[in-house]
Amino acid sequence: MKKIKKALISVSDKKNLKGLLKILTKHKIELISSGGTYKEIKKLKFKCLEVSEYTGSPEILGGRVKTLHPKIHAGILSKRNNKSHIQDLKNNNFEEIDLVIVNFYPFEKTLEQTNNRLKIIENIDVGGPTMVRAAAKNYNYVTVITSSDQYGELINEIEKNKGSTSIGFREKMSLDAFSETSYYDAVISNYFNTIKKNDFPKKKIICGNLIEKLRYGENPHQQAAVYSKTQNLNIKQIHGKQLSYNNYNDIFSALTVSKSLPKNLGTVIVKHANPCGVSINRNSLKSYQLALACDPVSAFGGIVSCNYKINKTLAMELNNIFLEVVIANGFDAIALKILKNKKNLRLIDASNFEIKNLVSFNSANDSFLSQSEDVAKFNIKNFKIVSKKKPNKSQLKNLIFAFNICRHVKSNAIVLASQETTVGIGSGQPSRLDSCQIAIDKMNKFQNVNDEVVAASDAFFPFVDGIEKLVQSGVTAVIQPSGSIRDKEIIKFANKTNTILVFSKTRHFKH
């Protein structure tokens, strides 16, 4: 146990201070503070010594320098059982500081509120992290608190131990403190890398806030959690049982596709992080029905994502199939009531969710791969018509729709589409020819397509056999990336069969 005699408090977040100050005062703990925290403590009518009076040095540089003083840091860092340290304190008339309560300038919050570089830089805390690191290092003797969320734990510890803290508690707070300083520095580092457009710096720092510890990972023997670079995921669960690791993986996949479609028009059905049905239609019910018709078997137990508000009619239709999750840009009151009849169905409001062109990570052992996300919007300039037969405006629109969905399907990927609706999807095969066959088989099994069908491939066809199989199935137009040594043979085949062929300047694998 370590008795607390002196506490230094310097907090940017001043909420819940009163209850804490009552307990510290009750146990006759002397308070030291500075700046706005000192004023707040005095306003709450508690005794407190100002840091400048304690150190004998005034605050200078507009408050930039106040706690950066030997008397403060010697008091925090001194080893209480070290004779040399004890003598140094005596010689310099310094005293031990047993409790450090600090939270930092709101750098992250400032980033959300302004692009003003000067304001952002001013909110980089120097003294706070320095004191926290010192206290955390010296946890054998010093207790460090870095968040108002920890006040309750501190109060319980002090009350239980009559003004003292245990080594176990101090060690736990030290761990949290180092996590806090690391996260704070990571956010600052990432800010500077962002403004310099340095996505791949010499030292890469990944920072995140724990959103939720999950029951398990992909399988029950694996542990899992979900983190966010911000304080939340910008998705709100409004009904259903706890989300699992697989649910989150599917949700993020579904939202990536959903947000790439025209707003208020698109329905996406995902199973095992793969789209199994997508449709754009102004009628929300029809949009869902068309997406479902692409592969109703795979949709069972899947996730539906709608980039529009779900109404009563659609809610009744959704309840006709077993689904794990339904995502939407809000739910009508009646729709919500209908869907809540299934107590385990997870309902997610993604109205505030945005796809950002950030860097993604894929870890393996003690290494990780990093790359920019493949989320850029397509436009006509990305494509080149290489066949003699030219697509009309509607055909080109349908081809680009299919190509956009294709980049979200696990490679090798083939997407068949008609009227901006998928009618067959072949995914995740080592052979592109097999993916073609799967997409065709799905179409023949579930569809009775009267309109023309187009096909999209996420990479070039290495041989003519792939595009030949598609054309034999009734496909009239194909879109694919260029770059094969056999591109000329593919173009020749397209012209021979009167097939529209469009080349993309970019490839879109998704492994």
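Which residue forms a salt bridge with Lys-160, and how many Å apart are the closest N and O atoms? The partner is Glu-157, and the closest N and O atoms of the two residues are 3.9 Å apart. This report describes a predicted model, and the statements below concern that model.

## Salt bridges

The structure holds 16 salt bridges. Three individual pairs and one network are described here.

The bridge between Lys-160 and Glu-157 is local, since both residues belong to helix 9 (residues 151–160) and lie 3 residues apart, about one turn of the helix. The two partners differ in their exposure. Lys-160 has a relative accessible area of 62% and is exposed, because exposed means over 50%. Glu-157, with 7% relative accessibility, counts as buried, because buried means under 20%.

A second salt bridge joins the side chains of Glu-95 and Lys-6, with an N to O distance of 2.7 Å. This pair links distant parts of the chain, 89 residues apart: Glu-95 is in the loop between helix 5 (83–91) and strand 5 (99–103), while Lys-6 is in strand 2 (residues 6–11). Glu-95 is partly exposed at a relative accessible area of 35%, whereas Lys-6 is buried at 6%.

In the third pair, Glu-420 forms a salt bridge with Lys-397, and the closest N and O atoms are 4.0 Å apart. Glu-420 is placed in the loop between strand 19 (414–417) and strand 20 (422–426), and Lys-397 in helix 16 (residues 393–406), so the bridge ties together parts that are 23 residues apart in sequence. Here the acidic partner, Glu-420, is buried with a relative accessible area of 18%, while Lys-397 counts as exposed at 52% relative accessibility.

The table collects the three pairs.

| Salt bridge | N to O distance | Separation in sequence |
|---|---|---|
| Lys-160 and Glu-157 | 3.9 Å | 3 residues |
| Glu-95 and Lys-6 | 2.7 Å | 89 residues |
| Glu-420 and Lys-397 | 4.0 Å | 23 residues |

Apart from these pairs, a network of salt bridges links Lys-2, Arg-80, Glu-96 and Asp-98.

## Strand 2 and its neighbours

Lys-6, the buried partner of Glu-95, brings the description to strand 2. Is this strand enclosed by the rest of the structure or open? Of its 6 residues, 6 are buried, so strand 2 is largely enclosed by the rest of the structure.

In a regular strand the side chains alternate between the two faces of the sheet. Strand 2 shows two sets of residues: Lys-6, Leu-8 and Ser-10 point one way, and Ala-7, Ile-9 and Val-11 point the other way, with all of them buried.

Strand 2 is paired with two strands that are described here. With strand 3 (residues 30–33) it is joined by 4 bridges, and the two strands run parallel. With strand 5 it pairs over 5 bridges, again in the parallel sense. Ile-9 takes part in both pairings: its bridge partner in strand 3 is Ser-33, and its bridge partner in strand 5 is Ile-101.

The connection from strand 2 to strand 3 includes a helix. Strand 2, helix 1 (residues 17–26) and strand 3 together make a right-handed β-α-β unit.

## Helix 1 and helix 9

Two packed helices are described by the angle between their axes and the distance between the axes. For helix 1 and helix 9, the axes come within 10 Å and cross at roughly 20 degrees. The two helices are therefore roughly parallel to each other, because angles under 35 degrees count as roughly parallel. The crossing of helix 1 past helix 9 is left-handed. Helix 9 is also the helix that holds both Lys-160 and Glu-157.

## Backbone features

Three local features of the backbone are found in loops. The peptide bond from Ser-411 to Asn-412 is cis, with omega near -5 degrees, and Asn-412 lies in the loop between helix 16 and strand 19.

Two residues other than glycine have a positive phi. For Leu-61 the value is near 55 degrees. Leu-61 is located in the loop between helix 3 (51–55) and helix 4 (70–77), and counts as exposed at 61% relative accessibility. For Asn-93 phi is about 60 degrees. Asn-93 lies in the loop between helix 5 and strand 5, the loop that also contains Glu-95, and Asn-93 counts as exposed at 59% relative accessibility.

Methods:
Residues are numbered from 1 along each chain as its sequence is written. This is a predicted model: local features need pLDDT of at least 70, side-chain atom pairs count only at pLDDT 80 or more; totals for chains, interfaces and linings use all residues. Side-chain values use heavy atoms; hydrogens and water are left out. Buried means under 20% relative accessible area, exposed over 50%, partly exposed in between (1.4 Å probe, protein chains only). Two strands pair if DSSP finds at least two bridges between them. A crossover is right-handed if, with the strands pointing away from the viewer, the path from the first strand over the helix to the second runs clockwise. Axes are lines fitted to C-alpha atoms, for helices over the stretch in contact, and angles run from 0 to 180 degrees between N-to-C directions. Angles under 35 degrees count as roughly parallel, over 145 as roughly antiparallel, 65 to 115 as roughly perpendicular and the rest as oblique. A crossing is left-handed if the near helix is turned anticlockwise from the far one by less than a right angle, and right-handed if clockwise.
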